[in-house]
Structures are given as structure tokens and as C-alpha cells.
Amino acid sequence: MKSATPKVLQPLLGRTLLGHVLVAAGAAEAERTVVVVGHKAEQVEAHLSEVAPAAVPVLQAQQNGTGHAVRIALEAVPDAAGTVVVLNGDVPLLRAETLAGLIEAHESGGRAATVLAAEVADPAGLGRIVRDARGDLERIVEERDASPEVRALREINAGIYAFDVALLREALGKLSTDNDQGEEYLTDVFGLLAGSGSPVGVFLAPDAEETLGCNDRAELAGLRARLRDRVNTAWMRSGVSILDPATTWVDVTVSLEPDVVIDQNSQLLGSTSVAAGAVVGPDTTLVDTTVAAGAAVLRTHSIGAEIGPEATVGPFSYLRPGTRLGRKAKVGGFVETKNAELGDGAKVPHLSYVGDASIGAKANIGAGTIFANYDGVNKHHTSVGEAAFVGSDTVLIAPVEIGPGAYVAAGSAIDKAVPPGNLGVTRAQQRNIEGWTARRRAGTVSAAAAERAEQAAADPAE
């Protein structure tokens, strides 16, 4: 990946690669989960403690192959019995249903080992499944060790297996490093078991896409696009309208209700949830945001906000954490909010900053209003009461309170409370300096325009 972040921790639609694999594995309800860590183990272990605290990390200090990795994993669970399933950490498209099918086929067939396989058009770089004359599994061969005839096979090893743990332990003790890489290959276990007469088998994945891993950022991008398509298709079949699926990205952790509409170029990330009848987009990013029924959010960036029923947001709005909008509240164009609560029907329609504030129901905040919440050291709160009206180009200098039904005149700088029903005004008296343009801007287009206007006023007939 050429990254400071280990491959298994690369993000993919709301989870890491490893996180996706752990979710699929979790559906199998295993008694214990062991995760073999190596490269940048500390980062991987820290992530495990967050997403799967019950999983046991086991350090593979020297990467001596997949067989070696499984052997040290089993050493961490010496009393394990029954079936053990082995997964790679970079197969985020694997479905829990496919894993369940592998386990069922393995146990119902009384097998010593079962490999998940897939039919692919281009098997380059992948291990091949070699079958015997009866069509049963004979062995698994890594491409670098394969003959031209074996390389021509298109049935590949997905790197996902089910084993009888007792027979697996025995076979692992017989592995050699006599191969191109000088490593212990887990795949050699199948040949050892088959050679000893133990039943081994193949379970074919219903969709080869599920078995895809990645080795660089280009392949990771391919997985991301495939997962995007899978997620979007599932939501559309559940009653969500996604107008342009190719430009819509929905994390697997997002929740949507039927009759939601998502317009083009939109991203729904993290714990975002959108209720029935809401419209999101176009050109919108929602992170950990709740959108209630019937709301409309367009051309907006929102993080950690709560958008109430039938509220409207955008275009070009920025909702920061702590923003809460009541029913039919409005945040309009080029408005930024932070830790701000708008009551039912409250409006901030244009070009304003609202930080650390509560705005009462049906209050109106005029264009260009600034809630000056920061004094250079501390943040302070502003309260605007129910049905209050704040005129355009006003600065509310916190801490300050505008009472219910109060008005603030346009262009005011308010730093004292305005009681309910009062009008707050801080504008200086206007004075006009006669002839200023002619004296101070002589020869300009402004002076010429003023002169023409003065002449026209002096002689209306012309």
C-alpha cells in the first residue's frame, strides 16, 4: 500500500478491511476468534480493541508463511476442538452467508478440510485448485510453484478454509519450506491430508467477487467501487431512490428508510441515518448525521448534526457537531452552524455564522448575521427567543440574550440583552458629507457620474 497505515486497516465504506472480515466471521458465532498480527502489530491490536475486543491478537514476529501463522494461532488456543475457519484479513467482500455455506458443507461432509474456491476469468497471481480424475480436490498449488498446465486452470484458491482442528494440528507439524519462497504454506496441508486418506473438499463461492483481496491502492479502489455498487443495489431494492449510484457512496454503517431520495455526488458516512421521505443531495456529505422524515438537505456538508422533520438545509451550508434543527427549521445558503439549536420553524436563511446558540421557535435571523461566540479565550452562548427577529448584518456578541418577540435593527452590534418585545439598535446616526466625491475623487468615473446626476437634478427638463 506504500502507506503508514497497515493494509488491513485501510478504510473501506465505514470499516477497515479487517473490520469487514471480522463482521463476516462474527456471523459464524465462533467460540473464539484469533487474529494473527505482524506488520505494525501495535496499530492493528489497538484497532481490534475498538471493533472486536473479544478477539485475541497473536503476534507473528517473523512472517514465515501462512502455515506458520496458523500454527502460532492454534498455540494460543490449545484446547480448541471441532471446526476451525481460517480467513485472510483483506477480503472485505466476503458475505457471512458464503462463510456459513463453507462451514455447513465442511461439517456435513465429514471432511478433514474444505477450501473456498472461485472460478475467475484471470487467475494470474493466485493459487490454483487441482482436482483428481474423480473431480475431488487433489492439492492446491501456488502460482509461483505451478507448471504451465496448472497455471492454465481458472479455479482458484480464495485463501479461506475450514479444518478439523485436530487433523490440522497434525498436518501443520509436517509442513516443509521446500518451495519458491522458503515458507510454510498452509495450502500444503490439503495435499498431506488427501495423501493420508482424509477426506478433503471444495466449496465454490457463489460469486467470485467475494473472494477478492487487494495488494495495492488501485486494487483497493476496485474493491471500494464493487462494495459501493453492492450497498447501493441493496438499498434501492429496499425502497431507497439513488438517482446516480455511480456517484453515491454509502457506508455500510449507515441506516436508510424506504422513500429516501439520494441525489448525485453524495456521501453518507459513519453512523448517519435518514428517515422516510427525506431528500439528500445533490453534492452533499453527511457524517454521523441524523436526518428526520421529510427533511431536505442539498449541497451541504454536515458532521454530527441532527436535522429535524421537514427541516431544510442548503445550498452550500456547513453543519458542525452539536447542530440540532427542529421541525421545519431552515438553514440556508452559505450558513455555518456549530453547537447551535434551532427551534421549530426557526430560520437562518442566508450568509450567517451561528455558533454556541439557541434560537427559539419561529425566530428569524437576517442575512449576514454573526454570532460572535469566541472572545479569544473562551466560547460563550447566545440565546434568541421565540419569534424574535434579528435584522441583516448584525453581530450578536456573546454572552447575550435576545428575548421572545424582540427585534434587533439591521446593522447593529448587540452586547447587552434585548428584553422581550423591545427593539435593540446600536447604529450611529448617519451624516452625509456634501461634495466629497468631487473633492476627494476628482477625475474618476464616480465623480463624473455624480456630476451628471447633479446636473440632471438641477435641470429636470433636460
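Select H350 in this predicted model and display its surroundings: setting aside the neighbours within four places in sequence, H350 is in contact with G333, V335, G366, A367 and G368. With the cartoon switched on, you will find that H350 belongs to strand 28, which covers residues 347–350. A surface representation is a useful companion here, because H350 has a relative accessible area of 42%, and partly exposed is the class for values between 20% and 50%. The reason to begin at this residue is an annotation: UniProt, in an unreviewed entry, lists H350 under "active site".

Next, select residues 165–172 and residues 188–195, which are helix 6 and helix 7, and orient the view so that both axes can be followed; these axes come within 10 Å and cross at roughly 105°. Angles of 65 to 115 degrees count as roughly perpendicular, so helix 6 and helix 7 are described as roughly perpendicular to each other. To see what joins the two, show the side chains of L167, L168, A171 and L172 on helix 6, together with those of V189, L192 and L193 on helix 7, since these residues make the contact. Colouring by residue class gives a uniform picture, as the contact of helix 6 with helix 7 has seven nonpolar residues, with no polar and no charged ones.

Finally, select residues 5–145, where UniProt, again in an unreviewed entry, places the feature "domain: MobA-like NTP transferase". Over this stretch the chain is 31% helix and 23% strand, and a distance drawn between the end C-alpha atoms of residues 5–145 spans 31 Å.

Methods. Residues numbered from 1 in each chain as written. Predicted model: local features only at pLDDT ≥ 70, side-chain atom pairs only at ≥ 80, totals over all residues. Heavy atoms only, no water. Axes fitted to C-alpha atoms, helices over the stretch in contact; angles between N-to-C directions. Helix = DSSP H or I, 4+ residues; strand = E, 2+ residues; numbered from the N terminus. Parallel < 35°, antiparallel > 145°, perpendicular 65-115°, else oblique. Contact = heavy atoms within 4.5 Å. Nonpolar A, V, L, I, M, F, W, Y, C, P; charged D, E, K, R; others polar. UniProt positions renumbered as here; feature names shortened; annotations may be inferred. Buried < 20%, exposed > 50% of the residue type's maximum accessible area, 1.4 Å probe, protein only.
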